[in-house]
Amino acid sequence: MKYLAGYPAALQEQVSQLIAQDKLSALLSQRHPGGPHEIQSDRALYDYVGGLKNEFMRKAEPLAKVMFDNKLHVIRNALGTHTTVSRVQGGKLKAKREIRVASLFKEVPLDLLRMIVVHELAHMKERDHDKAFYALCMYMEPDYPRLELDLRLYLTHLDSGGTRLWASNNLSAARPDVA
């Protein structure tokens, strides 16, 4: 249960029991009843992230690139990254900011994607995961702590051999009302 390592032992035990009883997926599906969001292209993700940035961080530097990354989760063991690429142009040093989101997040409800985006946007102002960082996350998404836990529960579900809950090919099996 590597995704829950920082949480209390009692919570980890509850999650172990839910996995053993095959009830973790039902809990997650109940908490996030909608299907996957409709943001499927890099352009749509760029627009979504830009909208959140403009709403909460107008004075922050603009983003040069926002994209889904197929290799992110596997190579860097990360779900999203925020990087600054510096280049020399003439006599000036130009910095371009990029946000990459693991492609896994194409198949989750919008609130879980929003949690990752808020996390990466917060890194534009706060580098470390400290009180100021989490305060900024909660400013942009008041339900941030619950969404972060839910995301960690989902990753634990996947890590324990579970299927992707909101994947388009799983929707008809998970939701009988969908034909």
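Tutor: A nonpolar core is a set of buried Ala, Val, Leu, Ile, Met, Phe, Trp, Tyr and Cys residues joined through side-chain atoms within 4.5 Å. Buried means under 20% relative accessible area, exposed over 50%, and partly exposed in between, with a 1.4 Å probe and protein chains only. The model is predicted: local features need pLDDT of at least 70, side-chain atom pairs count only at pLDDT 80 or more, and totals for chains, interfaces and linings use all residues. Residues are numbered from 1 along each chain as its sequence is written, and side-chain values use heavy atoms, without hydrogens and water.

Student: Which residues touch the most other members of the largest nonpolar core?

Tutor: L45, F105, L113 and L121 do, in a core of 45 residues. The elements giving two or more residues to this core are α2, α3 (42–56), β1 (63–69), β3 (92–102), α5, α6 and α7. Helix α5 supplies the largest share, 8 residues. In soluble globular proteins, nonpolar side chains tend to be buried together.

Student: What does L121 contact, leaving aside neighbours within four places in sequence?

Tutor: Contact means heavy atoms within 4.5 Å. On that count L121 meets V49, L52, K53, M57, L63, I99 and M140.

Student: How many helices and strands does the protein chain have?

Tutor: There are 8 helices and 3 strands. Both are DSSP runs numbered from the N terminus: helices are H or I with at least four residues, strands are E with at least two. Along the sequence the pattern is α-α-α-β-α-β-β-α-α-α-α. Of the 179 residues, 41% count as buried.

Student: What makes D150 and R31 a salt bridge?

Tutor: The rule asks for a side-chain nitrogen of Lys or Arg within 4 Å of a carboxyl oxygen of Asp or Glu. In D150 and R31, the closest N and O atoms are 2.2 Å apart, so the pair qualifies. The two residues sit 119 residues apart: D150 is in helix α7 (residues 144–159), and R31 is in helix α2 (residues 24–31). The whole structure holds 10 salt bridges.

Student: Is D150 buried or exposed, and how do you know?

Tutor: Its relative accessible area is 0%. That is under 20%, so D150 is buried. R31 has 34%, which lies between 20% and 50%, so R31 counts as partly exposed.

Student: How do you know that D150 and R146 are about one helical turn apart?

Tutor: They are 4 residues apart in helix α7, so about one helical turn separates them. They also form a salt bridge, with the closest N and O atoms 2.8 Å apart. R146 has 31% relative accessibility, so R146 is partly exposed. Shared partners join R31, D143, R146 and D150 into one salt-bridge network.

Student: Why is the pair E141 and R114 called a salt bridge?

Tutor: The closest N and O atoms of E141 and R114 are 2.7 Å apart, which is within 4 Å, so the name fits. The partners are 27 residues apart: E141 is in the loop between α6 (131–140) and α7, and R114 is in helix α5 (residues 110–122). E141 has 12% relative accessible area, under the 20% limit, so E141 is buried. R114 has 19%, also under 20%, so R114 is buried too.

Student: Why are α6 and α7 called roughly perpendicular?

Tutor: Their angle is about 100°, and their axes are 9 Å apart. Angles run from 0 to 180 degrees between N-to-C directions, with axes fitted to C-alpha atoms, for helices over the stretch in contact. Under 35 degrees is roughly parallel, over 145 roughly antiparallel, 65 to 115 roughly perpendicular, and the rest oblique. The angle of about 100° falls in 65 to 115, so α6 and α7 are roughly perpendicular. Y134, C137 and M138 in α6 meet Y144, P145 and E148 in α7. That contact has 5 nonpolar, no polar and 1 charged residues.

Student: At what angle do α5 and α7 pack?

Tutor: About 110°, with axes 9 Å apart. That makes α5 roughly perpendicular to α7. D111, L112, M115, I116, V118 and H119 in α5 meet Y144, R146, L147, E148, D150 and L151 in α7. By class the contact has 7 nonpolar, 1 polar and 4 charged residues. Ala, Val, Leu, Ile, Met, Phe, Trp, Tyr, Cys and Pro count as nonpolar, Asp, Glu, Lys and Arg as charged, and the others, Gly among them, as polar.

Student: What makes R100 partly exposed?

Tutor: R100 has a relative accessible area of 22%, between 20% and 50%, so R100 is partly exposed. R100 lies in strand β3.
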